[in-house]
Amino acid sequence: MANLVILGAQWGDEGKGKIVDLFSETFDMVVRYQGGHNAGHTVRIGERTFILKLIPSGILRPGKQAVIGNGLVIDPEALLTEIGMLESMGVDIAGQLSISNRAHIICPFHRVMEKLSEGRPGKVSIGTTSRGIGPSYEDKIGRRGIRVADLLDREYFVAAFDVLAEEKDRIARAFDIAETIDLEAARSRYLAIAERIRPLVRDTSRQIHDAMRSGSRVLFEGAQGTMLDIDHGTYPFVTSSNASAGGVATGAGVPPTCIEGVVGVSKAYITRVGAGPFPTEDKTERGDRIRELGREFGTVTGRPRRCGWFDVPLLRYTAMVNGFDSLAITKLDVLDGMDEVLVCTAYRLDGREVDDMPATCRELDRLEPVYTTLPGWRSDTTGARQYEDLPANARRYLEFLEQQTGIEVGSVSTGPERTQTIVRPGSRLDTLLAAPAARGQSR
Ligand code: GDP
Ligand code: IMO
Ligand code: MG
């Protein structure tokens, strides 16, 4: 079967888009299983940069099927914008993209509802992307959401939209956050978009099953990261979906047994956007330096990302939750100029070393990282083609991460471009990627 999951091992923005784009070469289908346009996955191909939010990064390879699974929440207007962007760049949307009829939609009033938790005095602000993601998932779990299949049923949609809009309006007024949205105009726009996407909508679970049965290889692309997972992340400073490997089965409608491997994407350091605990955050000028060198500003919101050092206990935890077979380490080149590099190898809480990841933010905020300092390599790794070409101290750093996390470093990325990646020959990752030549040629 050789179906693979690629997902974030930290707090998102690990470089999943780049890795999925590269590895999708030997797959036939790429599937997103959760999240929405809170994601921003950057792919650099030569001089061209693509930022994908809802559509799987595999769409950039001609002939590959790209599937938006049932586990996503879709803002129809954001979807249309993304489709337009890709079409203008020559991507064959009609031939490659499909959208689950069971995915939920985000409506304009969901963004207003987000202000209930984010903008009000006295409430802890999560620092969300303000895209209406959480409120749309709330309606899904509350069994009052509107799905893509409903959007295509004009009569049903109009009634469901109006009922939900009215309910949200009452809530908004009660909390003094009412905003004037032209609901009629929004409803009409949604109905128009429904006709545009109608040919792309199907039972994607069935489609994925049929593809697997006929021997196609499927790659599942995570959004966000495991520490933002609604169940396993730093709750409540998380997103509203299961970004971890468990989300694949429910969010794509496939059995867990169809997954052969799980690859965790991790930066050579760590970043976080938005609020919440971050044990290895470096608030000194060293953290500022990483932000500058790594251009660590949000892809979706442009916010500066908080920066810090590689966190081994965190990685061990996300490896446990997901069952990582291999790590794809990205942005090694960002550390090129550092005299020394820190790695957190343990946590202390109230004076004692802790083995488990604490469940509460009260405890997470009190964690004290124990650091090991390694010498930097102070030479340019950008675009290194072979592992052996990396400076000795860079290899030493990566091998230290392997030894500490217990997971192989199967690939190393040393630049944003598709080709600036090393896959280590003979690694488990190399075996998982190796496959009969996939259909479709490279762009
Ligand atoms: P994603 O959300 O996990 O797909 O990651 P983002 O696209 O939000 O952020 C990753 C950023 O790092 C993007 O701007 C990428 O182009 C860039 N990037 C990815 N890998 C590398 C790398 O190895 N080196 C450098 N310098 N940049 C990288
Ligand atoms: P990709 O796929 C990094 C963060 C937000 C906020 C929290 C909840 O590009 O890695 P939400 O809007 O989802 O309700 O916000 O999650 N967040 C991300 N951080 N990368 C992402 O996606 C993110 N998607 C959401 O900043 O802290
Ligand atoms: Mg991103």
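# Two ligands, two pockets

Modeller: In the shell around ligand 1, the residues split into one nonpolar, nine polar and seven charged. Bear in mind that this is a predicted model: local features need pLDDT of at least 70 and side-chain atom pairs count only at pLDDT 80 or more, while totals for chains, interfaces and linings use all residues. Residues are numbered from 1 along each chain as its sequence is written, chains are lettered from A and ligands numbered from 1 in the order written, and side-chain values use heavy atoms, with hydrogens and water left out.

Biologist: What makes a residue polar, charged or nonpolar in that split?

Modeller: Asp, Glu, Lys and Arg are charged; Ala, Val, Leu, Ile, Met, Phe, Trp, Tyr, Cys and Pro are nonpolar; the others, Gly among them, are polar.

Biologist: Which of the residues around ligand 1 come nearest?

Modeller: Lys 16, Thr 42, Thr 299, Asp 333 and Ser 413, out of 17. To be near, a residue needs a heavy atom within 4 Å of the molecule.

Biologist: What makes the pair between Gly 40 and ligand 1 a polar contact?

Modeller: A backbone N or O atom of Gly 40 is 2.8 Å from an oxygen atom of the ligand. The cut-off for a pair of N or O atoms is within 3.5 Å, so this pair is a polar contact. Asp 333 is another case, with a side-chain N or O atom 2.7 Å from a nitrogen atom of ligand 1. On its own, ligand 1 has 590 Å² of accessible area, and the protein covers 90% of that (Shrake-Rupley method, 1.4 Å probe).

Biologist: What makes you say that ligand 1 sits in a pocket, and which one?

Modeller: The second largest pocket. A pocket is an open set of points on a 1 Å grid over the protein atoms alone, with protein on both sides within 12 Å along at least five of seven lines; its lining residues have an atom within 4 Å of a point. A molecule sits there if more than half of its atoms lie within 2 Å of the grid points, so ligand 1 passes that test. Helix 1 (16-23) and strand 3 (41-45) each give two or more residues to the shell, and helix 1 has the largest share, three residues. Helices (H or I, at least four residues) and strands (E, at least two) are DSSP runs.

Biologist: Where is ligand 2, then?

Modeller: Ligand 2 takes the space of the largest pocket, which has a volume of about 1,000 Å³, the space filled by probe spheres set on the grid points. That pocket is lined by 48 residues. Helix 4 (108-118) is among the helices that supply at least two of them, and helix 4 gives the most, with six residues.

Biologist: What holds for the polar pair between His 41 and ligand 2?

Modeller: A polar side-chain atom of His 41 is 2.7 Å from an oxygen atom of ligand 2. The protein covers 97% of the 550 Å² that ligand 2 has on its own.

Biologist: What is omega for the peptide bond from Tyr 235 to Pro 236?

Modeller: Near 5°, and the bond is cis. Most peptide bonds are trans. Pro 236 is in the loop between strand 10 (218-221) and helix 10 (246-252).

Biologist: Which sign does phi of Arg 143 have?

Modeller: Positive, near 65°. Most residues other than glycine have a negative phi. Arg 143 lies in the loop between helix 5 and helix 6 (148-151).

Key:
Polar contact = N/O pair within 3.5 Å; in protein donor to acceptor, adjacent residues only side chain to side chain. 1 Å grid on protein atoms, 1.4 Å probe; cavity = no way out; pocket = protein on both sides within 12 Å on 5 of 7 lines; lining within 4 Å.
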